[in-house]
Amino acid sequence: MRVLAAMSGGVDSAVAAARAHAAGHDVTGVHLALSRNPQTYRTGARGCCTLEDSRDARRAADVIGIPFYVWDMAEQFHESVVDDFVNEYAAGRTPNPCLRCNEKIKFEAVLDRAIALGFDAVVTGHHARLGADGLLRRSVDLAKDQSYVLAVLTRAQLDRSMFPLGDATKAQVRAEAAERGLAVADKPDSNDICFIADGDTRGFLAERLGETPGDIVDGRTGAVLGQHQGAYSYTIGQRKGLDLRVPAPDGRPRYVLSITPVTNTVTVGPREDLAVDTVTSTRPIWHGGPTPVECDVQLRAHGEVVRADVTLGDDGLTARLHTPARGVAAGQAIVAYQRDPAGDIVLGSATIAAGSLAAPALVSGA
């Protein structure tokens, strides 16, 4: 099989490419140049998509013995991921840029180009399993599992994808890289958002959206408790950095309950007012057969898993949680999993639109 290995410059993608090559596939490595100006992206071990990463990927391809190319996808990345990130925050939602990058870049733009060039599949270093049955499952290394950010893939995209690392732990991947003589064996994992060079998300958004002062209000009384310089600086469940002028009567901390761009209002309240037991979502990708179905749902990357009854309707997915969850943010993904002895199976995903409580404790004053 002729396959294209997406090589980020990290240890996972290098070992994935090496495994595909060792399995007898005709492998070509490609590094994605995603920044209009690589100097503005993270450097060193803190991120990905840097010039250093491109060089690391090339050296790994040389060791493996496969052809290597760099594809410039900066414009697609900026439009599909960076602009989307800014627009989502401006709309009061909390996006997941890694999920969007997988959806729009690695498994749409890249896969489309690969197929046009005659490749049969794309290989990546994601920690997830895709078995002979075609079902996407969690990695055996639950701490590194990335099935959540892959759940946006369609059936057609999964049929053209390979994830060779799903049966290995991260420690095993690093050990294998060292055995294969790959210099990235001890390279630290990337983290944070690659296109925010200094890690200051609030500053990044302020530069693009400008300061827009507004009120921070009490969700139960409607009283104004403070001011913000931009509602985009907050996310549901946030506790720190609220800078409230009026302490809570009971002395307990307050959390961000909702963000309303129309009124430029941030609503806060006690932790219990974050609880939701119904989650509605849009843009579903569903592989799980008829609904309703009882399954597990994950509401954030690396977030808690909650048992729920999920129904697929004309307007999206609705999940009725068996146990209320907190910190459910619009813009994040809800991913449904079916418990299975061979590893949890991804049934589908959707983009969270809202969360609600059957008997809400708060009376909105916003």
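Colleague: How many helices and how many strands does the chain have?

Modeller: The chain has 8 helices and 17 strands. Helices here are DSSP runs of H or I with at least four residues, strands are runs of E with at least two, and both are numbered from the N terminus. This is a predicted model, where local features need pLDDT of at least 70 and side-chain atom pairs count only at pLDDT 80 or more, while totals for chains, interfaces and linings use all residues. Residues are numbered from 1 along each chain as its sequence is written, and side-chain values use heavy atoms, leaving out hydrogens and water.

Colleague: What makes the chain as compact as a globular protein of that length?

Modeller: The radius of gyration, taken over C-alpha atoms, is compared with a globule rule of 2.2 Å times the number of residues to the power 0.38. The rule gives 21 Å for 366 residues and the chain has 22 Å, which is close, so the chain is as compact as a globular protein of that length. Along the principal axes, its C-alpha atoms fill a box of roughly 65 × 45 × 35 Å.

Colleague: Let's turn to the rings. How many aromatic pairs are there?

Modeller: Rings of Phe, Tyr and Trp (its six-membered ring) pair if their centres lie within 6.5 Å; planes under 30 degrees apart are stacked, over 60 edge-to-face, and the rest tilted. By this rule there are 6 aromatic pairs.

Colleague: Why is the pair of Phe85 and Tyr89 called edge-to-face?

Modeller: Their ring centres are 5.1 Å apart and their planes stand at 65 degrees, so the pair is edge-to-face. Phe85 and Tyr89 are about one helical turn apart, because 4 residues separate them in helix H3 (residues 74-90).

Colleague: And what kind of pair do Phe85 and Phe195 form?

Modeller: Phe85 and Phe195 are also edge-to-face, with 5.2 Å from centre to centre and 80 degrees between the planes. This pair links distant parts of the chain, 110 residues apart: Phe85 is in helix H3, and Phe195 is in the loop between helix H7 (170-179) and helix H8 (201-209).

Colleague: Why is Phe85 called buried?

Modeller: Buried means under 20% relative accessible area, exposed means over 50%, and partly exposed is in between (1.4 Å probe, protein chains only). Phe85 has 2%, so it counts as buried. Phe195, at 6%, is buried too. Across the 366 residues of the chain, 51% count as buried.

Colleague: Which residues form one aromatic cluster?

Modeller: Phe77, Phe85, Tyr89, Phe195 and Phe204 do.

Colleague: How do you know that the charged end of Arg208 sits over the ring of Phe204?

Modeller: The test asks for NZ of Lys or CZ of Arg within 6 Å of the ring centre and within 35 degrees of the ring normal. The charged end of Arg208 sits over the Phe204 ring, 3.6 Å from its centre. Arg113 does likewise over the ring of Trp71, at 4.7 Å from the centre.

Colleague: On to the sheets. In what order do the 5 strands of the open parallel sheet come?

Modeller: The order is S3-S2-S1-S4-S7. Two strands pair if DSSP finds at least two bridges between them. Strand S4 (residues 121-123) and S7 pair in the parallel sense over 2 bridges, and in S7 the bridge partner of Val122 is Ser161.

Colleague: Which strands form the other open sheet, the one with mixed pairing?

Modeller: That sheet has 4 strands in the order S9-S8-S11-S10. Its edge strands are S9 (224-228) and S10 (255-260), each pairing on one side only. S10 pairs with strand S11 (residues 265-269) in the antiparallel sense over 5 bridges, and there Thr260 has Thr265 in S11 as its bridge partner.

Colleague: What is unusual enough in the backbone to point out?

Modeller: Most residues other than glycine have a negative phi, and most peptide bonds are trans. Arg283, which is not a glycine, has a positive phi of about 50 degrees. Arg283 belongs to strand S12. His302 is not a glycine either, and its phi is positive at about 60 degrees. The peptide bond from Thr291 to Pro292 is cis, with omega near 10 degrees. Pro292 lies in the loop between strand S12 (276-286) and strand S13 (293-298).

Colleague: Why is His302 called exposed?

Modeller: His302 has a relative accessible area of 64%, so it is exposed. Arg283 has 44%, so it is partly exposed.
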